[in-house]
Amino acid sequence: HTNPTDITVHGVKLQNTQFDIPITVNSRVEQWVDYFVGKGRPHFEKYLERSEFFIPYIRPLLRQNNMPEDLVYLAMIESGFNNHARSHAKAVGPWQFISATGKRYGLMVNWWVDERRDTRKSTLAAVQYLKDLYEMFQNWELAAAAYNSGEAKIARAIRRFGAKDFWVISRHRFLRPETRDYVPKII
C-alpha cells in the first residue's frame with residue numbers, strides 16, 4: 001500500500017487515505033462522489049452490501065497475484081458486485097467479461113457453462129487481463145480505461161494525443177463517455 005497522503009474532496013480532508021492505486025481528486029472525481037452520496041446513493045448502498053461477500057474473497061486473490069488490492073473496486077464499478085450482471089454489450093459476471101475476452105483468458109463460455117459468473121475463475125482471468133494491460137500501458141489509470149474500452153482504443157488515443165496520461169486523453173471526445181467516466185468512478 002502507498003503511504004497515506006492528504007486527500008481532500010470538496011474541501012474535506014479524508015481520514016482513510018491508504019490506497020495502492022493512484023488516486024487523483026479533480027472535478028470529475030468529485031462529480032462521481034457527489035453522485036454516489038446523492039442521487040446514486042441507493043445503488044452505492046447496494047454495492048456496499050454486496051461488497052461484504054466479494055471484497056474479502058477478491059482482495060486475497062489480487063494480493064496473491066501481486067496486484068493492487070484496490071482493483072477490487074473495478075469489479076464494483078463493472079457489476080455492482082453482482083455475478084448475474086449482464087451489460088448491453090453482453091458482458092457478464094462480476095468483472096463483466098465479453099465472451100471473446102473471457103475465452104481469451106481461459107474462461108469456459110458455452111450453452112451449459114459460463115465461468116464469467118464464477119467469482120474465483122473470473123477474478124483470476126481479470127487479474128491476468130489487468131496484468132497484461134498494465135504491462136502494455138505501465139499505468140493503472142490507462143489499464144483500467146483499457147479494461148473498459150479495449151486496449152486498441154487506448155493505444156490509438158495515446159498515439160493520437162501524444163500523451164500517456166488518462167486525464168489528458170479523457171479530456172477529448174475520442175473515448176466514449178462511459179470510458180471517460182470509468183476511472184473517476186473507480187476512484
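Colleague: What makes Met67, Leu71, Leu74, Trp95, Trp140, Ala143 and Tyr147 contacts of Leu130?

Modeller: Contact means heavy atoms within 4.5 Å, and Leu130 meets that cut-off with each of these residues once its neighbours within four places in sequence are left aside. This is a predicted model, in which local features need pLDDT of at least 70 and side-chain atom pairs count only at pLDDT 80 or more, whereas totals for chains, interfaces and linings use all residues. Residues are numbered from 1 along each chain as its sequence is written, and side-chain values use heavy atoms, with hydrogens and water left out.

Colleague: Why is His10 called partly exposed?

Modeller: Buried means under 20% relative accessible area and exposed over 50%, with partly exposed in between (1.4 Å probe, protein chains only); His10 has 44% relative accessibility and therefore counts as partly exposed. His10 also has a positive phi of about 50° although it is not a glycine, while most residues other than glycine have a negative phi.

Colleague: Why is Gln138 called exposed?

Modeller: The relative accessible area of Gln138 is 53%, so Gln138 is exposed. Gln138, a residue other than glycine, likewise has a positive phi, near 55°.

Colleague: How do you know that Trp111 is exposed, and which residues make a nonpolar surface patch with Trp111?

Modeller: Trp111 has a relative accessible area of 77% and is therefore exposed. Met108, Trp112 and Val113 join Trp111 in a nonpolar surface patch of about 580 Å², where patch residues have over 30% relative accessible area and no salt bridge (a side-chain nitrogen of Lys or Arg within 4 Å of a carboxyl oxygen of Asp or Glu), and nonpolar side chains (Val, Leu, Ile, Met, Phe, Trp, Tyr) are joined within 5 Å.

Notes. Patch = residues over 30% accessible without salt bridge, like charges linked within 9 Å, V, L, I, M, F, W, Y side chains within 5 Å. Areas by Shrake-Rupley, 256 points an atom, 1.4 Å probe, with all protein chains shown as cover.
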